[in-house]
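Colleague: Hi, I'm new to this one. Could you show it to me and walk me through it?

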Amino acid sequence: MKKYIQVLLLALLPMAASAQHLEAGILIGASNYLGDLSNNSGTVYLKETKPAIGALVRYNFNHLFVARLGLNYTWLAGRDANIRNDDFLRQRNLSFRSNVLELSLIGEINIPGYQPYALSRPFSPYIFGGISLFKFNPKARYEGNWVKLQPLGTEGQGLPQYPERDAYSLVSVAIPFGIGVKYAFTDQINIGLELGARRTFTDYLDDVSGTYVSYPELLAGKGPLAAALGNRTGELIGGEPVIVPTGTQRGDSTGNDWYFILGATVTYNFLDTGLMGSRKRGRKRAGCKTGF
C-alpha cells in the first residue's frame, strides 16, 4: 500500500508544480438584502441594490481547487415603504441602512478546470463556499439625521424587566456560497463574474427581529429616541405615537437575515514566483496532451 501511495504522489506532483500560483485583484459590484424589512424575508427589492467593492487573493492549488481570502465593503438597506401587498407590514413603517465590512475565507472548485498558462484552459465556471466574519451597524433616518439603532435597544434590549432581551452584537458570522465564471483574458489577466449569497447568523442586520415593547415602557426605560424609533406607525398616519402592547409581533424571528453580492472581478496571475516555477516551463507543459 505504501508503495502505491508513493506512486500516486509522484504522479500528482507534476500537476501541482505546473498549476500552483497566486492571484490577486479587485471586485466591483452590487449588493442586496433579505430580512424583516424586505416583506418579512419574502421579497428582494431591486431598488434597494447598493454598491459593493472588494479585494481578493487566490491561491490556486491546481486547475481544480482554489483557496481565496477576500475583503468586501458594501451597504445594505430596507424599508417597509416598499411593500405593496401587506398593509400591516407597510404601516409598521420601519427602515434601515447599514455599512458592512466582510472578511472571508472561501474555497472554489473550477468545473471542469482552469489553467491560465499559455491560455490552455482559459474559461471555467466555478462554485464556492466558505466562512466570513462581518461587521454591521444598522441606522435609521429620523428628523433629518441618521441614528444608530443598536445602542437604543428598540426592542427593549437592556431593560431590567426583560433580561432575556440581550443587546445583539455588531459582529457576526456568515456562510458565503455561490457560483461564478472566470476567463483568462491573457495568461496573466483574469476577468470573472460571480453571484454569492451570505447566510448570516444574526436576525438584526436591520435591527428588527422579535416583538414590540410598548411605547410608555421604552420611553421610561430607554428614552424618547428609542421609543420613537421602536414603533414608527404614528409617523405614517400623521398622528400621535401608536401604543401596542408589549409582546405584539414586530419582526419575523423564525429565520436569520441574508445578503447577496453580485460582483465582477479582475485579477492578476503571479506566474513567475518560486511557488510554481517559470512561465516558460508552464507553456511547455500546456502543449502536452495531458493539459497540465
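Colleague: Thanks! How much space lies in the second largest pocket?

Modeller: About 160 Å³. Keep in mind that this is a predicted model.

Colleague: Got it. Which residues line the second largest pocket?

Modeller: The lining is made of A30, S31, N32, V44, L46, T49, L195, F260, I261 and L262. Strands β1 and β10 each give at least two residues to it.

Colleague: And how do the residues of that lining divide into nonpolar, polar and charged?

Modeller: Seven are nonpolar and three are polar, with no charged residues.

Colleague: What about the largest pocket, what volume does that one have?

Modeller: Its volume is about 220 Å³. The elements giving two or more residues to its lining are β3 and β4. There are 15 lining residues, and G78, R79, S95, F96 and W146 lie nearest the centre.

Colleague: What is the lining of the largest pocket like by class?

Modeller: That lining has seven charged, five nonpolar and three polar residues.

Colleague: Switching topic: how many cavities of 30 Å³ or more does a search of the whole structure find?

Modeller: Five. The largest cavity has a volume of about 90 Å³, and the second largest is about 60 Å³.

Colleague: Which residues lie nearest the centre of the largest cavity?

Modeller: Those are L27, R68, G70, N72 and E194, out of 13 that line the cavity. At least two lining residues come from each of β2, β3, β4 (95–110), β9 (189–200) and β10 (258–270). By class, the lining has five nonpolar, four polar and four charged residues.

Colleague: And what lines the second largest cavity?

Modeller: You'll find L94, S95, A140, L149, D206, D207, V208, L229, R232 and R250 around it. Five of these lining residues are nonpolar, one is polar and four are charged.

Colleague: Those strands keep coming up. How many bridges join β1 to β2?

Modeller: Eleven, and the two strands run antiparallel. β1 covers residues 21–34 and β2 covers residues 50–60. As an example, G29 has A52 in β2 as its bridge partner.

Colleague: Then what joins β2 to β3?

Modeller: A hairpin, through four residues. Nine bridges also join β2 to β3 (residues 65–79), and this pair runs antiparallel.

Colleague: Which residue in β3 is the bridge partner of R58?

Modeller: R68. You met R68 earlier, among the residues nearest the centre of the largest cavity.

Technical notes
Residues are numbered from 1 along each chain as its sequence is written. This is a predicted model: local features need pLDDT of at least 70, side-chain atom pairs count only at pLDDT 80 or more; totals for chains, interfaces and linings use all residues. Side-chain values use heavy atoms; hydrogens and water are left out. Two strands pair if DSSP finds at least two bridges between them. On a 1 Å grid over the protein atoms alone, a cavity is a set of points where a 1.4 Å probe fits but cannot get out, and a pocket is an open set with protein on both sides within 12 Å along at least five of seven lines; lining residues have an atom within 4 Å of a point. Grid points are joined across faces, edges and corners, and a volume is the space filled by probe spheres set on the points. Ala, Val, Leu, Ile, Met, Phe, Trp, Tyr, Cys and Pro count as nonpolar, Asp, Glu, Lys and Arg as charged, and the others, Gly among them, as polar.
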